[in-house]
Amino acid sequence: MAVTVTSMKKMKADKDKITWLTAYDYSFGALADAQGVDAILVGDSLGMVMQGHETPIPVSIEDSCYHTQCVARGASNSMIVGDLPFGSYQMNKEQAYENAVKLMQAGAHTVKLEGGELQVETIKFLVERGIAVCAHIGLTPQSVHQLGGFKVQGRGVAAKQLLEDALGVEQAGAFAVVLEAVPQTLAQEITDRLSIPTIGIGAGPACDGQVLVLQDMLGIYPKKSPKFSKNYMEGAGSVQEAVSNYVAEVKQGVFPTEQHSFN
């Protein structure tokens, strides 16, 4: 059965852990779908793992649409989340809408954008026009240079702002929010306060769901993978088994552990 915004919200209510995984092509889109991944994120992480860039900043809306089209041909049940890349939505609400439409027409069911309170009006604008939006707060890779690198966010006084960001995007109509590289105690507080699902990546086990970058969880990215990832190819006999094990561990609450979280 196809995963929808409604069914994902019910999963949170039922405490049924939600599984997300990135994919960027037809074959891996079909594989993730077949292994029961709830949502496939066609992330701007493709800039690093597919194109070899240092950051996701060079990714264009055309790149995102191309890879979304490829994944959409392979997936029939997983929700497809298309990432709005850097520079494709920050100018104004109309620009965001124009590019969100392109992703939807390419096969995305929903779109994701980075930012908290700053993006509230844009999220409202998109939702009012029938586009389901996932927000992304904490470590926002498109702002990596402004943040001074890929660092944990939400420590100390910054925790209050992240909580306000989470509440703001929920009120704006986001159907979910990705929490990246956030201390696990803060992630738990946000998860408890929100009625929409939280999807963690380096945000601890209390989140309603988890997402990993495919190349990291298969151990095939040539550069160092982040602390919050896990190589599921270790001990697996196939890629299919590795993805299946990831799904099972998230569903059972086995992943992530303290080893993959921040305090």
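## The Tyr246 and Phe255 pair

In this predicted model, tyrosine 246 and phenylalanine 255 are both buried. Together with Tyr232, they make up one aromatic cluster.

## Aromatic pairs across the structure

Let's widen the view: searching the whole structure turns up four aromatic pairs. One of them joins tyrosine 97 and phenylalanine 125 in an edge-to-face arrangement, with 6.4 Å from centre to centre and 85° between the planes. This pair links distant parts of the chain, since tyrosine 97 belongs to helix H5 (residues 93–106) and phenylalanine 125 to helix H6 (residues 120–128), 28 residues apart. Tyrosine 97 is partly exposed, at 31% relative accessible area, whereas phenylalanine 125 has 13% relative accessibility and therefore counts as buried, the cut-off being under 20%.

Tyrosine 246 and phenylalanine 255 also pair edge-to-face, at 6.3 Å centre to centre and with 65° between the planes.

Phenylalanine 125 has a further neighbour to look at: arginine 129 lies over the face of its ring, 3.6 Å from the ring centre.

## Helix H8 and its surroundings

Now to helix H8, which covers residues 158–172. Its 15 residues should span 21 Å at 1.5 Å a residue, and the end C-alpha atoms are indeed 21 Å apart, so the two values agree. Just after H8 comes glycine 173, with a positive phi of about 115°.

Which residues of H8 are buried? They are Ala159, Leu162, Leu163, Asp165, Ala166, Gly168, Val169, Glu170 and Ala172. Their cover includes H6, strand S5 (133–138), strand S6 (176–180) and helix H9 (184–193). H6 is also the helix that holds phenylalanine 125.

Definitions and conventions:
Residues are numbered from 1 along each chain as its sequence is written. This is a predicted model: local features need pLDDT of at least 70, side-chain atom pairs count only at pLDDT 80 or more; totals for chains, interfaces and linings use all residues. Side-chain values use heavy atoms; hydrogens and water are left out. Rings of Phe, Tyr and Trp (its six-membered ring) pair if their centres lie within 6.5 Å; planes under 30 degrees apart count as stacked, over 60 as edge-to-face and the rest as tilted. Helices (H or I, at least four residues) and strands (E, at least two) are DSSP runs, numbered from the N terminus. Buried means under 20% relative accessible area, exposed over 50%, partly exposed in between (1.4 Å probe, protein chains only). A charge sits over a ring if NZ of Lys or CZ of Arg is within 6 Å of the ring centre and within 35 degrees of the ring normal. The expected span of a helix is 1.5 Å times one less than its number of residues. Contact means heavy atoms within 4.5 Å.
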